[in-house]
Amino acid sequence: KSYYCISIDTCTLPEPIVNGKALIYLIRPVSLFNSAEIHKISLSSLSDDSTMFAEISGSEYCIFYTSPGKIILHSEGGDGVGDSLKLQVKANEVYYVRHSVVTPTFTGKVGANLSRINHQEAKNLLEAVAGRCYQQRK
């Protein structure tokens, strides 16, 4: 399996690098707003024409191993409102994406916002999401 989502109780940080693949962390931190709502995730690799699917709720992270090249990461909330992020990824490198739940004021529907973050911000979010597991693996 090239991807999986991890809850606080099943994490194994840090995840290993797979030779020849990019590693992408999609982190959905704890939120007071709709943390239980499940969002559908897809990662499309344009270099090998493949798509992976997952689901994520609050206090979880997903990891994806993908071929180098252009990818499109997409998240869709329960109301059908989504966001996409395009990345150019390289083999044997790690990328971090924050998944935030948003409610546009003009629609009132729940959606997602995807944004690339740096290693330090990702480390802080993973410590919040994965807590004791992350502390044990340092």
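In which strand is Ser42 found? Ser42 is found in strand β3, and the tour will come back to this residue once the whole chain has been surveyed. The model is predicted, with local features requiring pLDDT of at least 70 and side-chain atom pairs counting only at pLDDT 80 or more, while totals for chains, interfaces and linings use all residues. Residues are numbered from 1 along each chain as its sequence is written, and side-chain values use heavy atoms, leaving out hydrogens and water.

**The whole chain**

Begin with a cartoon of the protein, which has 1 helix and 9 strands; here helices (H or I, at least four residues) and strands (E, at least two) are DSSP runs numbered from the N terminus. Along the sequence the pattern reads β-β-β-β-β-β-β-β-β-α. Switching to a surface, the protein exposes about 7,200 Å², of which carbon and sulfur atoms supply 50%; accessible areas come from the Shrake-Rupley method with a 1.4 Å probe, and for residues only the protein chains shown count as cover. Of the 138 residues, 42% count as buried, where buried means under 20% relative accessible area, exposed over 50% and partly exposed in between (1.4 Å probe, protein chains only). Among contacts (heavy atoms within 4.5 Å) with a separation of 6 or more, residues 24 or more positions apart account for 60%.

**The open sheet**

Next select β3, β4, β6 and β7, which form an open sheet in the order β4-β3-β6-β7 with antiparallel pairing; two strands pair if DSSP finds at least two bridges between them. Because β4 and β7 stand at the edges, each with a single partner strand, one side of each is left without a neighbour in the sheet. Neighbouring strands of this sheet are turned by 15° against each other on average, direction ignored; the axes are lines fitted to C-alpha atoms, for helices over the stretch in contact, and angles run from 0 to 180 degrees between N-to-C directions.

Now narrow the selection to β3 and β6, which run antiparallel and are joined by 6 bridges. Leu43 stands opposite Leu73 in β6. Return here to Ser42, which counts as buried at 14% relative accessibility. The C-alpha atoms of Ser42 and Ile72 are separated by 8.0 Å, although these residues are 30 apart along the chain. Not counting residues up to four places away in sequence, Ser42 touches Thr51, Met52, Phe53, Ile72, Leu73 and His74.

**Thr66 in strand β5**

Select Thr66, whose place is in strand β5, and which counts as buried at 2% relative accessibility. Leaving aside neighbours within four places in sequence, the contacts of Thr66 are with Lys21, Ala22, Ile24, Leu43, Ser45, Met52, Ile71 and Val89.

**The nonpolar cores**

Show the side chains of Ile24, Leu26, Phe64, Leu73 and Val97, which touch the most other members among the 18 residues of the largest nonpolar core. Such a core is a set of buried Ala, Val, Leu, Ile, Met, Phe, Trp, Tyr and Cys residues joined through side-chain atoms within 4.5 Å. The elements giving two or more residues to this core are β2 (22-28), β3 (39-45), β4 (50-56), β5 (60-66), β6 (69-76), β7 (82-89) and β8 (94-102). A second, separate core has 12 residues, including Ile63, Tyr65, Tyr96 and Val129.

Centre on Val97, which, with residues up to four places away in sequence not counted, touches Ile24, Tyr25, Leu26, Ile27, Leu73, Leu85, Leu87, Leu114, Ser115, Arg116 and Ile117.

**Strand β8 and its partners**

With β8 in view, add β2: these strands run parallel and are joined by 5 bridges. Then add strand β9 (residues 111-117), joined to β8 by 7 bridges in an antiparallel arrangement, with Val102 standing opposite Gly111 in β9.

**The aromatic cluster**

Which residues form one aromatic cluster? Finish by selecting Tyr25, Tyr61 and Tyr96, which form that cluster. Rings of Phe, Tyr and Trp (its six-membered ring) pair if their centres lie within 6.5 Å, with planes under 30 degrees apart counting as stacked, over 60 as edge-to-face and the rest as tilted; the count by this rule comes to 2 aromatic pairs. Tyr25 and Tyr61 form a tilted pair, 6.0 Å centre to centre with 35° between the planes. This pair links Tyr25 in strand β2 with Tyr61 in strand β5, 36 residues apart, and both Tyr25 and Tyr61 are buried. The rings of Tyr25 and Tyr96 have their centres 5.3 Å apart and their planes at 20°, so this pair is stacked. Since Tyr25 lies in strand β2 and Tyr96 in strand β8, the pair ties together parts that are 71 residues apart in sequence.
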